Structure formats: structure tokens, C-alpha cells
Amino acid sequence: MSKTVLVVGANRGLGLQFALQYCKMNFNVYGTYRKESVDEAKELLGSEAKTFVLDLADEASIQAASESFGDQPLDILINCAAAGNGSDKWIDATVDEFMTKFRVSAVGPYLTTKAFYPQLKRSTSPLVVNISSNAGSISGNEKGGNLSYRTAKAALNMITVDLARELEPDNIALIALSPGWVKTKMTKYTGHMETDEAVTRMIKVIDGITANDTATFHHRDGYMHTW
Ligand SMILES: NC(=O)c1ccc[n+]([C@@H]2O[C@H](COP(=O)([O-])OP(=O)(O)OC[C@H]3O[C@@H](n4cnc5c(N)ncnc54)[C@H](OP(=O)(O)O)[C@@H]3O)[C@@H](O)[C@H]2O)c1
């Protein structure tokens, strides 16, 4: 039987590529988008993926998505969506900016994992992949900058490890995965790599993950990331 994958934030960028590539691999694919981004969801909506609306800033919409998904087992949950970059300089970061990044990019994946916990438990090898960033690595922060985004990704890393520990009895593995610098709207299409190549590499990493790898941080190119 084909595996089921759910990609949160699949209307564009890396999330869209995850959905398209898993469709090609004959997975049973679900992808989410936000109501207000329906225009940027055309490719997803025209693909073989099943879709539903999900806004990470709205807990009710996360719960509704879980109800639409139903009782079937969920094998891979990819928490890909995140709020984009914030102020470049620390002195310009605002409370609103911190709160939005934290809510969407850290609490959002936590709430999604919680909402899909029953379906994850029904899989024989459930895996949650939190798309993190080099920017979320505390030991790797050598230059500073983009403080609110970094802070939210560091929080997401902690959520990954904490849930990995707490969900061990359920055999649910969680990893953090950094895509590297990729050409998407978030990076204003700068970056070293196109989304298709970056996602092909991330899928290769995901393919190699077992329950023993829970609570680890990986780079797209297959090496372990420092926290
Ligand atoms: N590109 C890079 O170089 C890079 C590097 C490190 C990490 N990452 C991470 O990779 C992931 C994907 O980003 P990307 O590069 O593909 O950027 P992107 O094209 O800007 O995609 C961001 C996605 O997040 C969604 N999103 C934002 N706020 C949301 C909310 N409240 N609820 C639900 N979805 C929301 C966006 O949907 P809307 O269209 O509705 O806004 C969009 O689908 C992110 O976690 C990002 O932090 C990217």
C-alpha cells in the first residue's frame, strides 16, 4: 500500500515541490494552503494531491484539516510552512514580528503535530519532519541578523526534540531538516539551488530516517546539522 504524506504549506516553494515529487513517487499526498493564497495554489490544486485549507495562525483551521483528513494513518507529516524573514537588524525587530514568527513557525507545527497525533499513531512508521533552517542553529550563529526568524526556528528545533522524547513510546519519530539556501519567494529567489533539486535531496534524507534517528537535525545534503 502506498504511504501517505501531508505537506503543510504546499501552495508554493519547497512545500509545493514536496507535494509534486511525492505524487510522482505514487504516495498518497495531501497538501495545504491558506484561503487568501488560493491564487498561488493553482499548481497544487491542479496536481494529484488532495488539498485542504490550513492556516497555522488559526488553531481551528488546523483542527478542521485534521477532521477532513479523517481516520486514515499518516506516515509522514512535513511541517514546511513558516512566516518569512523579519527585520534584518536586531534593533528594528518588533514585538508583533517576534510573536507572528513564533506563532506561525514554531507553535503552528506543534499544533499541527498535536492535531494529527491520532493519525500518526495509526502508521507503522510515523515520521514528523520539521523544516528548520541553518538560521535556527544556536551554535551555528556566527553573524547574527534576522533575529525573529532565527528565534522561531530555534524554538521549532526545541519543539522537535521535546516531542521526539515525549512521543518515543508511540514510536513517532521527529527530525528537523534544513533545506539550505534555496530560490523561493522567502529568499526573493536568491539562493544556491532550485526547489526541485533541494527537495529531491531532502526526500533522500527522509527516505533514510528510521525511528533511531529521532531528535536529530539534518542538512539537505545528508550530513548532521549542529543544534
Ligand atoms: N528557501 C530557503 O532558502 C530556506 C532556507 C531555510 C529554511 N527554509 C524554510 O523552508 C520552508 C519553506 O519555505 P520556502 O523557502 O519554500 O518559502 P516560501 O515559498 O515563501 O513558502 C512559505 C510557505 O509558508 C506558508 N505560510 C506562511 N504563513 C503561513 C500560515 N500562517 N499558515 C500556513 N502556511 C503559511 C506560505 O503560504 P502563503 O503563500 O499562504 O503565505 C508558503 O506556502 C520554511 O519553513 C522556511 O523557513 C527555507
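Tyr33, in strand 2, finds its bridge partner in strand 3: Val53. That pair is a handy way into this predicted model, since it sits where two strands meet. Strand 2 (residues 28-33) and strand 3 (residues 50-53) pair in the parallel sense, with 4 bridges between them.

Strand 2 also pairs with strand 1 (residues 4-8); these two run parallel as well, and 4 bridges join them. Here Thr4 is matched with Asn28 of strand 2. The link between the two strands brings in helix 1: strand 1, helix 1 and strand 2 together form a β-α-β unit, and a right-handed one. As for how well strand 2 is covered, 5 of its 6 residues are buried, so the strand is largely enclosed by the rest of the structure.

Helix 1 turns up again at the ligand. This helix spans residues 13-24 and supplies 3 residues to the shell around the ligand, the largest share. The shell counts 29 residues, and those that come nearest to the ligand are Gly13, Ser37, Ala82, Thr184 and Met186. By character, the shell residues split into 14 nonpolar, 10 polar and 5 charged.

Just past helix 1, the backbone does something a bit unusual to look at. Asn26 lies in the loop that leads from helix 1 to strand 2, and its phi is positive, about 65°, although the residue is not a glycine. Asn26 is exposed, because just 10 other C-beta atoms lie within 10 Å, and a residue counts as exposed at 12 or fewer.

Ala215 is another non-glycine residue with a positive phi, in this case near 70°. It belongs to the loop between helix 7 (195-207) and strand 7 (216-219). With 16 C-beta neighbours inside 10 Å, Ala215 comes out as partly exposed, because that count falls between the 12 or fewer of an exposed residue and the 20 or more of a buried one.

One more loop residue deserves a mention. Pro169 is located between helix 6 (147-166) and strand 6 (173-178), in the connecting loop. Its 7 C-beta neighbours inside 10 Å make Pro169 exposed. Pro169 and Leu74 are 95 residues apart along the chain, and 17 Å separates their C-alpha atoms.

Definitions and conventions: Residues numbered from 1 in each chain as written. Predicted model: local features only at pLDDT ≥ 70, side-chain atom pairs only at ≥ 80, totals over all residues. Near = placed C-beta within 6 Å. Nonpolar A, V, L, I, M, F, W, Y, C, P; charged D, E, K, R; others polar. Pairing = 2+ DSSP bridges. Right-handed = clockwise from strand over helix to strand, strands pointing away.
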